[in-house]
Amino acid sequence: MRLHSNGSSTQLALNYLTNKVVLITGASSGIGRGLALELARRGASMGLVARRAELIAEVVREIEAAGGKAVALPADVQEMESMAAAAETLRARFGPIDILIANAGIGPTRDAADFSAREVSSVINVNVIGASNSVAAVIPEMVARGSGQLVAISSLAAYRGLPRSAAYCASKAAVSAFFESLRLDLGPRGVAVTIIHPGFIKTPLTQGREAQMPFLMELDAAVAKMVGAIEKRRKRYSFPWQLATIVRAGMLMPIWMYDQISRANSFRE
Ligand SMILES: NC(=O)c1ccc[n+]([C@@H]2O[C@H](COP(=O)([O-])OP(=O)(O)OC[C@H]3O[C@@H](n4cnc5c(N)ncnc54)[C@H](OP(=O)(O)O)[C@@H]3O)[C@@H](O)[C@H]2O)c1
């Protein structure tokens, strides 16, 4: 909801997000923080999940100072009970949850010659099991009401394996397939599923990387695109279009060609 003043009267501009209750994970930084601020500005009541309690409390203060509504829900997405409790606190505060944004994620760089099974396990736990725990916390009420929207922040890295990113690519491919299956089951029950595949965005996740990141986007521009996809309840949204086109072309390439091009253009040093 936005306030428009035309001199003598103030009008309320309603939109899809007005009065929606949104649970978002990974809201302490980067994309999650940016989405939380923008969705609150558009009238949504926000439940903010992340481990760093002081950072989400700061985002809550920022939202409230701008006249919006938000509650801090410190939790680790890897813990099923903590996610269920976070969702319960949000419901008690603002009512039934309309939208889940499963955004929390990690993306370490690792050459497979220096393999770490522990790191793979942790990436899968946060990115995939974390998303599943988040979904579990909201699915029963959405199915019972026959409405709601599940949003996954996946990645263009989901499409094919990339150098020094085995765990990350595997986790994002899993996230995309997981939410696609949910879409097939839940669409007919009134619950929409939106899978977002961003390219490179300037956040703490990509900060400090020295390798080339083609079509690297500013956070605000990326947030605006993602909010548009959420509002339109897009089934799948990959951006920026230039990199999405290259990645789709990569899927059609023979393996010898894909390997040659990928090795020569690693996005991670
Ligand atoms: N930036 C990009 O170029 C890019 C591109 C494609 C996709 N993505 C995806 O976008 C999402 C957000 O990334 P970002 O770039 O915004 O990175 P970021 O700034 O590092 O933010 C990651 C967020 O995830 C949270 N998180 C990590 N582990 C968690 C856990 N165990 N429990 C709860 N929250 C956890 C972090 O909060 P705490 O540390 O406080 O818990 C933080 O809020 C990720 O899924 C990422 O894969 C990013």
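Hi everyone, let's start with an empty spot: the largest cavity here holds about 80 Å³ of space. What do we mean by a cavity? On a 1 Å grid over the protein atoms alone, a cavity is a set of points where a 1.4 Å probe fits but cannot get out, and lining residues have an atom within 4 Å of a point. Grid points are joined across faces, edges and corners, and the volume is the space filled by probe spheres set on those points. Rolling a probe the size of a water molecule over the atoms shows where empty space is left.

Before going on, please keep in mind that this is a predicted model, where local features need pLDDT of at least 70 and side-chain atom pairs count only at pLDDT 80 or more, while totals for chains, interfaces and linings use all residues. Residues are numbered from 1 along each chain as its sequence is written, and side-chain values use heavy atoms, with hydrogens and water left out.

Back to our cavity. How many cavities of 30 Å³ or more are there? The count is two. The lining of the largest one includes Pro108, Phe115, Glu119, Arg164 and Ala167. Helix H4 (117–136) and helix H6 (166–186) each give at least two residues to that lining; helices (H or I, at least four residues) and strands (E, at least two) are DSSP runs, numbered from the N terminus.

Stay with Arg164 for a moment. This residue sits in the loop between S7 and H6, and its phi is positive, near 55°, though it is not a glycine. Is Arg164 buried or exposed? Neither: at 30% relative accessibility it counts as partly exposed, since buried means under 20% relative accessible area, exposed over 50%, and partly exposed in between (1.4 Å probe, protein chains only). Asn19, in the loop between strand S2 (10–13) and S3, also has a positive phi, about 65°. Asn19 is exposed, with a relative accessible area of 55%.

Now for the core. A nonpolar core is a set of buried Ala, Val, Leu, Ile, Met, Phe, Trp, Tyr and Cys residues joined through side-chain atoms within 4.5 Å. The largest has 33 residues, and among those with the most contacts inside it are Leu35, Met46 and Ile101. Elements that give two or more residues to this core include helix H1 (30–41), strand S6 (99–102) and helix H7 (219–231). Which element gives the most? That is H7, with six residues. Leaving aside neighbours within four places in sequence, Ile101 is in contact (heavy atoms within 4.5 Å) with residues including Val22, Leu35, Val151 and Ile230. There is also a second, separate core of 32 residues, with Ala87 and Met142 among them.

Next, the rings. Rings of Phe, Tyr and Trp (its six-membered ring) pair if their centres lie within 6.5 Å; planes under 30 degrees apart count as stacked, over 60 as edge-to-face and the rest as tilted. By this rule there are three aromatic pairs. Phe178 and Phe179 have ring centres 5.3 Å apart and planes at 80°, so they are edge-to-face. Phe179 is buried, at 0% relative accessibility, whereas Phe178 is partly exposed, at 28%. Tyr237 and Phe239 are stacked, with 5.3 Å centre to centre and 15° between the planes, and both are buried.

Finally, follow Phe239 one step along the chain: a cis peptide bond joins Phe239 and Pro240, with omega about -5°. Pro240 lies in the loop between S9 and helix H8 (241–252). Thanks for listening!

Methods:
On a 1 Å grid over the protein atoms alone, a cavity is a set of points where a 1.4 Å probe fits but cannot get out, and a pocket is an open set with protein on both sides within 12 Å along at least five of seven lines; lining residues have an atom within 4 Å of a point.
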